[in-house]
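User: I would like to work through this structure slowly, one question at a time, with the reasoning spelled out.

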Amino acid sequence: MSKLWTELKVGNMTLPHRLAMAPMTRSRALADGVPGELAAEYYGQRAGLGLIISEGTQPSDDGQGYINSPGIYTEAHIEGWKNITSRVHEEGGHIFIQLMHVM
């Protein structure tokens, strides 16, 4: 247990400990899959944990499995994720996107 709370270097990131916020469905994207301000606020509020693994994010239009899940295949989606990652980074956190294709 003592290593759980020790700093960890992963690639170019230095994490404060060995915990991460697990991915789970948040359903905070807009109807077109754009992750909006609500998602940026949500992830930004949790950035202090250190490492966040995002909710499942579809890489294509036919990969969406449920409503209000985010995408990462249009310019609008990318801009939404840039807003989220900027917010997380401003709060000192790191975020990985979890790609998910449902079908």
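User: Are Tyr43 and Trp81 buried or exposed?

Analyst: This is a predicted model, and in it a residue counts as buried when its relative accessible area is under 20%. By that cut-off, Tyr43 and Trp81 fall into one and the same class. Both residues are buried.

User: How are the rings of Tyr43 and Trp81 arranged, and which helices do they link?

Analyst: Tyr43 lies in helix H1 and Trp81 in helix H2, 38 residues apart, which makes this a link between distant parts of the chain. The ring centres of Tyr43 and Trp81 are 6.2 Å apart, and a pair needs centres within 6.5 Å. Their planes meet at 45°, so the pair is tilted.

User: How many aromatic pairs are there, and what is the geometry of Tyr42 with Tyr43?

Analyst: The count comes to two aromatic pairs. In the pair of Tyr42 and Tyr43, the ring centres are 5.4 Å apart and the planes stand at 85°, and because planes over 60 degrees apart count in this way, the pair is edge-to-face.

User: Which residues form the aromatic cluster?

Analyst: Tyr43 takes part in a pair with Tyr42, and Tyr43 also pairs with Trp81. Tyr42 is buried, as is Tyr43. The one cluster that results is formed by Tyr42, Tyr43 and Trp81.

User: Which residues of H2 are buried, and why do they line one face of the helix?

Analyst: When one looks down the axis of H2, its buried residues fall within an arc of 95°, so they line one face of the helix. On the other side of H2, Glu75 and Glu90 are exposed. The buried residues are His77, Gly80, Trp81, Ile84 and Val88.

User: Against which elements do the buried residues of H2 pack?

Analyst: Packing here rests on contact, for which heavy atoms must lie within 4.5 Å. The partners of the buried residues of H2 include one helix, H1. The other elements they pack against are strand S3 (51-57) and strand S4 (94-99).

User: What span should the 16 residues of H2 have, and what distance separates its end C-alpha atoms?

Analyst: At 1.5 Å a residue, the expected span of H2 is 22 Å. The distance between its end C-alpha atoms agrees with that expectation, as it is also 22 Å.

User: Which salt bridge links distant parts of the chain?

Analyst: The structure holds two salt bridges. In one of them, the side chains of Glu37 and Arg87 meet with N to O at 2.5 Å, and the two residues are 50 residues apart, Glu37 in helix H1 (residues 37-45) and Arg87 in helix H2 (residues 75-90). Glu37 is partly exposed at 44% relative accessibility, and Arg87 is partly exposed at 21%. The salt bridge asked for is therefore that of Glu37 and Arg87.

User: How far apart are the closest N and O atoms of Glu79 and Lys82?

Analyst: Glu79 and Lys82 both lie in helix H2, three residues apart, which is about one turn of the helix. Glu79 is partly exposed with a relative accessible area of 42%, while Lys82 is partly exposed at 46%. They form a salt bridge whose closest N and O atoms are apart by 3.4 Å.

User: What is the phi of Asn68, and where does this residue lie?

Analyst: Asn68 has its place in the loop between S3 and H2, and it counts as partly exposed at 25% relative accessibility. Its phi is positive although Asn68 is a residue other than glycine, with a value near 60°.

Methods. Residues numbered from 1 in each chain as written. Predicted model: local features only at pLDDT ≥ 70, side-chain atom pairs only at ≥ 80, totals over all residues. Heavy atoms only, no water. Salt bridge = Lys/Arg side-chain N within 4 Å of Asp/Glu carboxyl O. Helix = DSSP H or I, 4+ residues; strand = E, 2+ residues; numbered from the N terminus. Buried < 20%, exposed > 50% of the residue type's maximum accessible area, 1.4 Å probe, protein only. Expected span 1.5 Å × (residues − 1). Arc of directions from axis to C-beta. Phe/Tyr/Trp six-rings, centres within 6.5 Å; stacked < 30°, edge-to-face > 60°.
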